[in-house]
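Work through the following exercises on charged side chains, with the structure in view, and compare each attempt with the solution beneath the task.

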Amino acid sequence: MLDPPWPDLRAHIFGNLHYFELSEIVQEDWLRAEAQREKKPFDDWRLPLTEVSPPLITIIQKKCKKSYAPQATPLSLLLYWERNAPGWNVIEPVVKEREPDIRAIFEKSAFDHLWLFMGYENRIPLQMSKTNVISHLG
């Protein structure tokens, strides 16, 4: 783990350094519901229906506006969705709809790559890179 202005971590990949900024996508409504669940019997709580787009777009915007040490190259943004994430089948239409916005934000950023890891599915269904702008891995 590294301190700012460096990204979160540095790793050797196939003998070469690579830097990563990590961020979990968390829906605030879900966190509030989880806190309330602790106070109520299990059968008396429900998770709220929440939108997919705002937390995903918000975190991409936030991370892509940050400045990092210029020596931190190549640099990847690794987003992960672990808790209460909707399935990729729910997220994919949102990503496709917002693709021009995501691409524009990403292209102006310091990142060479962007990865979306769906933790509970144990897969990366979306990746972007400056050379291969967007790719749906499925």
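**Exercise 1.** Determine which backbone nitrogen the side chain of aspartate 8 reaches, and establish whether a salt bridge is present at aspartate 8 or absent.

*Solution.* The side chain of aspartate 8 reaches the backbone nitrogen of leucine 22 at 2.8 Å. The model is predicted, so that local features need pLDDT of at least 70 and side-chain atom pairs count only at pLDDT 80 or more, while totals for chains, interfaces and linings use all residues. Residues are numbered from 1 along each chain as its sequence is written, and side-chain values use heavy atoms, with hydrogens and water left out. Aspartate 8 is buried (under 20% relative accessible area, 1.4 Å probe, protein chains only), yet aspartate 8 has no salt bridge, since lysine 63, the nearest side chain of opposite charge, is 4.8 Å away. A salt bridge requires a side-chain nitrogen of Lys or Arg within 4 Å of a carboxyl oxygen of Asp or Glu.

**Exercise 2.** Find the salt-bridge partner of lysine 66 and state which parts of the chain the pair ties together.

*Solution.* Lysine 66 pairs with glutamate 21, their closest N and O atoms being 3.3 Å apart. Because lysine 66 lies in the loop between helix H2 (53-65) and strand E3 (75-81), and glutamate 21 in strand E2 (residues 16-24), the pair ties together parts that are 45 residues apart in sequence; helices (H or I, at least four residues) and strands (E, at least two) are DSSP runs, numbered from the N terminus. Glutamate 21 is buried, at 1% relative accessible area, whereas lysine 66 is partly exposed (from 20% to 50%), at 36%.

How values were computed
Lys, Arg positive; Asp, Glu negative; His and termini not counted. Polar contact = N/O pair within 3.5 Å; in protein donor to acceptor, adjacent residues only side chain to side chain.
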